[in-house]
Amino acid sequence: MPVTAIVGAQWGDEGKGKITDLLAQEADLVIRYQGGNNAGHTVVNEFGTFKLHLVPSGIFNPNATCVLGTGMVIDLATLRDEIRMLEGRGVSTANLRISERAHLLMPWHTALDRLDERERGRRKLGTTGQGVGPAYADKVARHGIQLYEVRDESGFRARVAHELETKNVILTKFGDAPLDARTVADGVLEAAAVLGDRIVDTLPIVEHAVATDARVLLEGQLGAMRDLDWGIYPYVTSSNPLAGFASIGAGIPARSITRVVGVVKAYSTAVGEGPFPTELAGEEANALRERAEEYGATTGRPRRIGWFDAVAARHAQRLNAFTELAVTKLDMLGSYEEIPFCTAYSLDGRLTSDMPPTKLLDRATPHYERLRGWCQDIGAIREQAQLPAPARAYLKRIEETVGAPIGMVGVGPERNATLLS
Ligand code: IMP
């Protein structure tokens, strides 16, 4: 297996955790390359059902090393709790490593995320409220604290006190309680002590893996439509889920990445605000949401539901050049006689299959083809060739409109319910 990046090709929640869990069975190294605990990857396997926020889904393979990459922002207390949860359920985390250059997501980032959303009022972004945006903002503004800094306790305490001088001005100005420097530093140092020597320079690990042709998986968070540069700005996350950033966030030369798997759900979902052209309303949305259990893994918010949007997935394809697609949750579409399938947008009187910027996208309306449904339960099928003809035609249309071949098709949550081609 070459170096493989797994990338979301829609609005996030495409089922990347499940695909990573599957591919990680054969991997030597799995690296999360961006994001923080805004992620919620649902994984179902022999250990049970897990919602992972920080730890890569590869943790279930005892032979793989898992890395939280430099491109991440990490809330150490959340990481400590997640490690304890995994260990408590019989999953070893001995092979977990955390990049010493990753940035700390500090308690003030969470406080500022919530403050910012509150003050935006009607224009809120619908963030997960985990502090991810402010943590990346501090990184870019060069106020971030990298993980290795916890090793120097007095230096770290001084940094915390210094950062809080300005953060507390903002918090109190908007009526929020100031944070106490000692309490904040104590909390982070205590969590760091639990993680101990897992916080390392990850470059030698990655370098060795590449030099020995080890099987490496790069796991992204969210999807192209929430990419900071190419998504529906400002309703995006504050990092880049695209494969191009996998190189930076994981610390792996760009030319080493030879396989890029784009994960798409057979329909669309989104959590948070922003344009979502194929969105369904009312009973139609509720029915699919309930059947497919579409609730945010981090916040529990009901996900917005829509038909498959080939314009969005093609946008992701143009930016990532997927070597293959993994289509998830095809089984959830088993009750429709006809399935609307968006191939273009109508915008200002003309049809386009290019993704317009956010404010124009707000005005765009979906142009649908109506594909024949298969009206049967396909959850027990274990080979792509056994899928009913209309389901195969639906997949073919995804390949044609997105412009990439389909490698995997998910018809259920279990590992063996992913049909390989
Ligand atoms: P943030 O990443 O928490 O700042 O949120 C920015 C946008 O990304 C919001 O629309 C969130 O709902 C969305 N978002 C963040 N993480 C996830 C996720 O794991 N799944 C789906 N949407 C997410």
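The paragraphs below follow helix 3 and its two neighbours, and then turn to the ligand. This is a predicted model, in which local features need pLDDT of at least 70 and side-chain atom pairs count only at pLDDT 80 or more, while totals for chains, interfaces and linings use all residues. Residues are numbered from 1 along each chain as its sequence is written, and side-chain values use heavy atoms, with hydrogens and water left out.

Helix 3 covers residues 107-120 and packs against helix 5, residues 153-173, at an angle of about 15 degrees, with the two axes 11 Å apart; helices here are DSSP runs of H or I with at least four residues, numbered from the N terminus, and axes are lines fitted to C-alpha atoms over the stretch in contact, with angles running from 0 to 180 degrees between N-to-C directions. Helix 3 is therefore roughly parallel to helix 5, a term for angles under 35 degrees. In this pair, W108, A111, L112 and L115 of helix 3 meet residues of helix 5 including V160, L164 and I170, where contact means heavy atoms within 4.5 Å.

Helix 4, residues 132-140, meets helix 3 at another angle: their axes come within 7 Å and cross at roughly 115 degrees. Here W108, H109, L112 and D113 of helix 3 meet V132, P134, A135 and D138 of helix 4.

Around the ligand stand 16 residues, and the closest are D13, N38, T128, T237 and V271. A polar side-chain atom of D13 lies 2.9 Å from a nitrogen atom of the ligand, whereas N38 and T128 each place a polar side-chain atom by a ligand oxygen atom, at 2.8 Å for N38 and 2.6 Å for T128.

Conventions
Parallel < 35°, antiparallel > 145°, perpendicular 65-115°, else oblique. Near = heavy atom within 4 Å. Polar contact = N/O pair within 3.5 Å; in protein donor to acceptor, adjacent residues only side chain to side chain.
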